[in-house]
Amino acid sequence: MRAAVLRDYNAPLSIEDVPDPDCPDDGVVLKVAACGVCRSDWHGWTGEHPRVKPGQIGGHEYCGEVVAAGPQARHRVGDRLVAPFILACGACPSCQSGHQNTCPNQRLPGFVEPGAFAEYVAVPFDHNLSPLPDSLSPTVAAGLGCRVTTAWHALTGRAALAAGEWLAVHGTGGVGLSALLLGRALGAQVVVVDVVPEKLTHALGLGAAAALDAREGDTAARIREITGGGAHVSVEALGIAETVNASIECLRPLGRHVQVGMPVGHTARMEINMSAVYQGNIALFGTRGMPSWRYPSLLSLIERGAVDMTPLIAREIGLSGVSEELAAFNGPTPPGVAVVTDFST
Ligand SMILES: [Zn+2]
Ligand SMILES: [Zn+2]
């Protein structure tokens with residue numbers, strides 16, 4: 001099969017013919033229909049992701065059709081499925097208590113095992129996978145493996161965002177844009193922050209109440225003013241100190257900060273304003289992925305038309321286009337995300 005393989009950090013991926021994956025006993029092989037290019041792939045590509053080593057096939061935001069099923073698989077050949085990027089074992093105390101995204105036995109295609117920047121991907125623990133509604137195109141569904149689910153769990157599973165509350169979103173890449181769309185669907189008023197004017201305009205067109213350019217300074221104070229005292233919930237979607245602090249400082253007393261951006265490599269440890277946390281009685285939530293049992297809540301919202309995730313997708317690309325998308329994360333990016341839908345070019 002064709003696959004895009006990381007051979008050297010910060011260099012174009014190598015498009016290679018590699019052996020088709022073996023089918024796991026406890027899972028399936030998917031023919032990949034679509035796979036998003038995510039900032040986490042970029043972390044791997046730069047060498048700052050702790051798990052990604054040369055030889056890795058990236059791609060963790062995928063959906064596809066089952067072409068082989070192991071003897072213990074739950075799904076069957078022909079099923080159209082979406083996979084969360086965290087594949088949980090289903091048997092440990094974390095899984096049994098509903099927190100599959102913290103499973104210590106988790107499998108991670110695209111980070112540790114071969115991912116979906118390839119024609120086929122092996123997916124163990126297929127009980128994590130959910131059937132795709134017919135109404136959802138694979139291109140849009142690909143985001144349900146990482147960005148959209150991460151935003152959904154951040155807002156509903158962690159911060160318990162309520163209708164009428166103010167939500168601030170720092171960084172309007174894939175996950176930030178997802179948080180805006182889902183926050184609106186939940187009835188929140190949303191303020192977004194970015195440094196790319198085109199992204200701010202895009203966000204306003206998607207229902208943001210306000211869009212701030214962080215380069216103009218004092219982001220937190222401006223949000224406190226717009227929201228009449230501070231946001232109730234603030235999502236940080238970059239993983240860098242400047243935006244983490246803006247997120248904490250823009251909250252009203254008892255506000256909830258959700259760390260969605262991945263602090264990694266040289267940003268893994270950062271200085272944050274703990275005095276603001278203390279003074280404001282602020283809650284800090286970390287979040288990573290979404291427990292797979294929560295898929296129906298999100299899919300039903302999309303299926304009944306309460307939220308349209310299509311504005312998330314900026315372009316469909318071929319496999320050989322992934323390298324350019326990864327390199328683009330080195331700087332500010334235009335609105336929307338890229339999804340691989342053609343694995344032959
Ligand atoms: Zn991702
Ligand atoms: Zn587990």
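# Worked exercises on a zinc-bearing predicted model

Along the chain, the donors of the zinc ion (ligand 1) are spaced as C-x21-H-x85-C. This is a predicted model, in which local features need pLDDT of at least 70 and side-chain atom pairs count only at pLDDT 80 or more, while totals for chains, interfaces and linings use all residues. Residues are numbered from 1 along each chain as its sequence is written, chains are lettered from A and ligands numbered from 1 in the order in which they are written, and side-chain values use heavy atoms, with hydrogens and water left out.

## Exercise 1: the metal site

Task: identify the atoms that coordinate the zinc ion (ligand 1), and place C38 and C146 in the chain.

Solution. Start from the rule for donors, which are N, O and S atoms within 2.8 Å of the metal (3.2 Å for Na, K and Ca); water is not among the atoms, so sites may look incomplete. Under this rule the zinc ion (ligand 1) is coordinated by SG of C38, NE2 of H60 and SG of C146, at 2.0 to 2.2 Å. Next, take the secondary structure, where helices (H or I, at least four residues) and strands (E, at least two) are DSSP runs numbered from the N terminus. C38 is in the loop between strand 3 (27-36) and helix 1 (39-46), and C146 is in the loop between helix 3 (138-141) and helix 4 (147-158), so the pair ties together parts that are 108 residues apart in sequence. Finally, check accessibility, with buried meaning under 20% relative accessible area, exposed over 50%, and partly exposed in between (1.4 Å probe, protein chains only). C38 is buried at a relative accessible area of 6%, and C146 likewise counts as buried at 6%.

## Exercise 2: the largest nonpolar core

Task: determine which residues of the largest nonpolar core touch the most other members, and which element gives the largest share.

Solution. A nonpolar core is a set of buried Ala, Val, Leu, Ile, Met, Phe, Trp, Tyr and Cys residues joined through side-chain atoms within 4.5 Å. The largest such core has 48 residues, and L30, Y62 and F117 touch the most other members. Elements that give two or more residues to this core include strand 1 (2-5), strand 4 (62-69) and helix 11 (322-328), but the largest share, four residues, comes from strand 3. For Y62, contact means heavy atoms within 4.5 Å; leaving out residues up to four places away in sequence, Y62 touches, among others, L30, V32, A34, V121 and V123.

## Exercise 3: two domains

Task: describe how domain 1 and domain 2 meet, and state how many salt bridges cross their interface.

Solution. The bounds, which come from an automatic or database domain assignment, divide the protein chain into domain 1 (2-146 + 290-342) and domain 2 (151-286). Their C-alpha centres lie 26 Å apart, and the contact takes 25 residues from domain 1 and 21 residues from domain 2. Buried area is the accessible area (1.4 Å probe) that two parts lose on being put together, summed over both; between domain 1 and domain 2 it is about 1900 Å², of which carbon and sulfur atoms give 70%. A salt bridge is a side-chain nitrogen of Lys or Arg within 4 Å of a carboxyl oxygen of Asp or Glu, and by this rule zero are found across the interface of domain 1 and domain 2.

## Exercise 4: charged pairs

Task: count the salt bridges, and compare the accessibility of the partners in the pair of D134 and R80 with that in the pair of D194 and K199.

Solution. The count comes to nine salt bridges. D134 pairs with R80, with the closest N and O atoms 3.8 Å apart; D134 lies in the loop between strand 7 (130-131) and helix 3, and R80 in strand 5 (residues 80-82), 54 residues apart. D134 counts as exposed at 74% relative accessibility, whereas R80 is partly exposed at 27%. D194 pairs with K199, the closest N and O atoms being 3.7 Å apart. D194 is buried, with a relative accessible area of 8%, and K199 is buried as well, at 6%.
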